[in-house]
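User: I would like to learn how to read several features of a protein model, beginning with its internal spaces. Please give the general idea each time, then the case at hand.

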Amino acid sequence: CSMMIVTLTGCYLGDRVSINSRDRRLCFPAYGFSIPYDGEHQNFYSWSIYSYKGNKIQLGDYVKNESMGDEGRISATYDKEALLKSLMKESVKFGVDVFPGTNVIGTQTHNGQVTVFTREGKKFKGTFVIGADGRASRLAKTLGKNKERTFYGTSTSYGFEMRGVEPSEKYALFQIFLGEKTPMRIWMTPRADGETYFPFISCTHPGADVQGAFERFTQQGYFAPWFKNAETIRPLCIEGNMYSHIVDPYKDQVMLVSDAVFCQEAEMTGAVIGGWKAANAVKFALTEGKISREGVSLYLDWWRSEVIEKLDHRDMMRNAVMPYCLTVDDIDYLLSKITKTLRSILDPYETPKIVGAAMAEIMPTVSK
């Protein structure tokens, strides 16, 4: 059994995802369910946070963790296209109707039924709606849920899938604060095939020259040797709003889940868990005939206790805010003073606390 089932990620929302390689499924043992996944995965063994000059904080001992193989990984990358295809295939198998190219623009609830309206003029009627329409959720907007949130800005990310990248550690997660006048960060991970990488630059400043900054990063300075033999395969980009969490994700028989309700991103783990909890709540409500907020309380109570009361969105925001509070040389100085290897973890809420504690330890030196 230990050869067949291996742990993939650090703990997030109280679960630790595993992969059953025999049955090709991703397993969520704490929640008691699994989903199909017919794709590759690539372990990585540390998370390095770099300054533009190459000073770094490292979460996880890369050499030690890599030598342990599956037991030493702090997480793994997966193929999102393969994941979505696997989910789609299983959904259709169990009778789910799929309507590709359909753009939902809003909902209306009347006499115990919800009508979903689309830009193409189609209408769909149901008892409940689960809105998992991402960080730019139209349902969150049309239901008025964004009015209750604090808006922190829009993050623009620009990068490439590349072959031939040669980082200091082959299989690691990298976060790099750039030496640009406008605060920018690079993120980079190996992709699921283990041979290609996805380096991308992220910035919250409107109108910033992210393309020029990316070119300077790969062609000049400390990190340029990593890209000496790099070959671009395809461009990848994303733009997303940053909000505080939606505290109450329910209105008029519509439940919002995943990135539609999280601060920046729920990540794959959080997205799947949120969708699963909401679907179970709907099943319970329909079985009990409780077409109401009370009927789907299994999801709403979980959201409040496991997310709102435990995961402060401000912890996730610290990475984005740090380069606005400190100069690039301030950051370089701080990272040069934290010399111990920090705990191996990949959790967007816990990691800022661990790094913050390490910075607190060097404050006497900083004060001097």
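User: Which element gives the largest share of the lining of the largest cavity?

Analyst: On a 1 Å grid over the protein atoms alone, a cavity is a set of points where a 1.4 Å probe fits but cannot get out, and lining residues have an atom within 4 Å of a point. Helices (H or I, at least four residues) and strands (E, at least two) are DSSP runs, numbered from the N terminus. Here the largest share comes from α7, with 3 residues; β16 and α7 each supply at least two. The lining includes Ser202 and Cys203, together with Ala320, Pro323 and Tyr324. This is a predicted model, in which local features need pLDDT of at least 70 and side-chain atom pairs count only at pLDDT 80 or more, whereas totals for chains, interfaces and linings use all residues. Residues are numbered from 1 along each chain as its sequence is written, and side-chain values use heavy atoms, with hydrogens and water left out.

User: How many cavities of 30 Å³ or more does the structure hold, and what is the class make-up of the lining of the largest cavity?

Analyst: A volume is the space filled by probe spheres set on the points, which are joined across faces, edges and corners. The structure holds 1 cavity of 30 Å³ or more, and the largest cavity encloses about 60 Å³. For classes, Ala, Val, Leu, Ile, Met, Phe, Trp, Tyr, Cys and Pro count as nonpolar, Asp, Glu, Lys and Arg as charged, and the others, Gly among them, as polar. The lining has 6 nonpolar, 3 polar and 1 charged residues.

User: Which strands pair with β16, and how covered is β16?

Analyst: Two strands pair if DSSP finds at least two bridges between them. Strand β13 (residues 151–163) runs antiparallel to β16, with 6 bridges, and Thr156 has Cys203 as its bridge partner. Strand β15 (residues 185–190) also pairs with β16 in the antiparallel sense, over 6 bridges; there Ile186 is partnered by Ile201. The hairpin of β15 and β16 has 5 residues between the strands, and within this hairpin Gly194 takes a positive phi near 80°. As to cover, buried means under 20% relative accessible area, exposed over 50%, and partly exposed in between (1.4 Å probe, protein chains only). In β16 (residues 196–203), 7 of the 8 residues are buried.

User: Where does Asn111 lie, and is Gln253 buried or exposed?

Analyst: Both residues have a positive phi without being glycine: the value is near 50° for Asn111 and near 65° for Gln253. Asn111 lies in the loop between β9 (104–110) and β10 (113–118) and is exposed, at 71% relative accessible area. Gln253 sits in the loop between β18 (250–251) and β19 (254–256) and is buried, at 9%.

User: How many disulfides does a search of the whole structure find, and why is Cys237 not bonded to Cys203?

Analyst: A disulfide is a pair of cysteine sulfur atoms within 2.5 Å. The search finds 0. Cys237 forms no bond because its closest cysteine sulfur, in Cys203, is 14 Å away, which is too far. Cys325 is likewise in no disulfide, the nearest cysteine sulfur, that of Cys203, being 15 Å away. Cys237 is exposed at 66% relative accessibility, and Cys325 is exposed at 57%.

Note on methods:
On a 1 Å grid over the protein atoms alone, a cavity is a set of points where a 1.4 Å probe fits but cannot get out, and a pocket is an open set with protein on both sides within 12 Å along at least five of seven lines; lining residues have an atom within 4 Å of a point.
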